[in-house]
Amino acid sequence: MQDEAVKTPLEQLRPVLELLADGEMHSGESLGNALGISRAAVWKQLQKLEYYGLTLESVKGRGYRLPGGLDLLSEKAISEQLGGSARALLRELRVFDEVGSTNSLLLERLEQGRGHAVAVLAERQSAGRGRRGRNWISPYASSLSLSVGWDFSGGVQCLEGLSLAVGVAVARALARFSVADVRLKWPNDVWCQGRKLAGVLLELKGDLTDRCSVVIGIGLNNGLSAKTAEGIDQPWTDLQQVRPGIGRSELAAAILDELLPMLATYPEKGFAAYREAWAALDQFAGQPVQLQSGSLSWRGIAAGVDDKGALLLDTEEGQKSFHGGEISLRGQV
Ligand code: BTN
């Protein structure tokens, strides 16, 4: 884990952010009194917020506020909202203000044998990773960045289809809050109303024929501003737009509730147990699609997935199956 004795610049701002999180107006004097620092020191801290994508409103003679406030993650609130099975399975839960990538942090811990059944969340990732070498944008308090570490003893083949099953877990968590029109796009995307809402990145470590560990990383847009999302190169959406008002800690707990029991039983059950649920959420079932892997591409009609999570594509030469990895899928226009 990162060095906990040294506070990162963002961690140093946490107390002032907690005060401003209510979205109300606070005078410089009241902030200074609450924090035990001078008004000049308060101002110095507030000037740093813009760097983290936070828009501070300042009104002369009245003070400062963060319009819309902030819904900060809380280890306590997440733990309290976990159901019994997830609580029994989870060994450790950590919420950081800022990390490079929650996946990287857990990969390190798994290597040290301290990552099993550990969940890590971060308010901000400075080097969040997506599939196929892409960046994952996760500005402060505007997305849910969650990783879970898990050790498996049956080799990599017992993990076949797991990334698709994780999509089912996320969709089930969203269903608890009645988020409408949630779909899954093979292999790892969660879509809502025809646009990407969340992505899943699985990373493996260890002996792929015997004991191996996996980090399950989930990133879900939750309050992205149009400006911070400028770098996203595909149609995207955000939970605040499609279903405002879901607490971030509440959502994290719901995802862990769905995910942890799935991980604990996955080696016995495999993807076959989730295939039907995945098929019911399939964004592209029966539609013309194009698959791309490097310079190779295939066109056909998406025909669902098999028991291992491979995509089935009906082409002019018959049905072909494709396993995840570096392949991307697009609807044909
Ligand atoms: C994708 O490309 O769609 C997958 C995105 C996965 C992003 C999540 S955010 C939490 C975890 N940490 C990372 O660096 N990536 C994953």
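Strands here are DSSP runs of E with at least two residues, numbered from the N terminus. That helps with proline 187, which sits in the loop between β6 (182-185) and β7 (189-192). Keep in mind that you're looking at a predicted model. Below is a quick tour of its ligand site, two unusual backbone spots and two helix pairs.

**Around the ligand**
- There are 19 residues around the ligand, and Ser101, Gln125, Arg129, Arg131 and Lys196 come nearest.
- Serine 101 uses its side chain here: one of its polar atoms lies 2.8 Å from an oxygen atom of the ligand.
- Arginine 129 joins in through its backbone, with a polar atom there 2.7 Å from a nitrogen atom of the ligand.
- Asparagine 103 also offers a backbone N or O atom, and that atom lies 3.5 Å from a nitrogen atom of the ligand.
- On its own the ligand has 420 Å² of accessible area, and the protein covers 98% of that.

**Backbone oddities**
- Some background first: most residues other than glycine have a negative phi, and most peptide bonds are trans.
- Check out the bond from tryptophan 186 to proline 187: this peptide bond is cis, with omega near -5 degrees.
- Then there's alanine 141, which isn't a glycine but still has a positive phi of about 55 degrees.
- You'll find alanine 141 in the loop between β4 (118-125) and β5 (143-152).

**Helices α2 and α3**
- To describe two packed helices, you give the angle between their axes and the distance between the axes.
- For α2 (residues 28-35) and α3 (residues 39-47), the angle is about 100 degrees and the axes are 8 Å apart.
- An angle from 65 to 115 degrees counts as roughly perpendicular, so α2 and α3 are roughly perpendicular to each other.
- On the α2 side, the contact is made by Gly28, Glu29, Leu31, Gly32 and Leu35, while α3 brings Arg39, Val42, Gln45 and Leu46.
- Sorted by class, this contact of α2 with α3 has 4 nonpolar, 3 polar and 2 charged residues.

**Helices α9 and α10**
- Helix α9 (residues 248-269) and helix α10 (residues 272-280) have axes that come within 9 Å and cross at roughly 110 degrees.
- That crossing makes α9 roughly perpendicular to α10.
- Met262, Thr265, Tyr266 and Lys269 from α9 meet Ala272, Ala273 and Tyr274 from α10.
- The class count for the contact of α9 with α10 is 5 nonpolar, 1 polar and 1 charged residues.

Notes:
Residues numbered from 1 in each chain as written. Predicted model: local features only at pLDDT ≥ 70, side-chain atom pairs only at ≥ 80, totals over all residues. Heavy atoms only, no water. Axes fitted to C-alpha atoms, helices over the stretch in contact; angles between N-to-C directions. Helix = DSSP H or I, 4+ residues; strand = E, 2+ residues; numbered from the N terminus. Parallel < 35°, antiparallel > 145°, perpendicular 65-115°, else oblique. Contact = heavy atoms within 4.5 Å. Nonpolar A, V, L, I, M, F, W, Y, C, P; charged D, E, K, R; others polar. Near = heavy atom within 4 Å. Polar contact = N/O pair within 3.5 Å; in protein donor to acceptor, adjacent residues only side chain to side chain. Areas by Shrake-Rupley, 256 points an atom, 1.4 Å probe, with all protein chains shown as cover.
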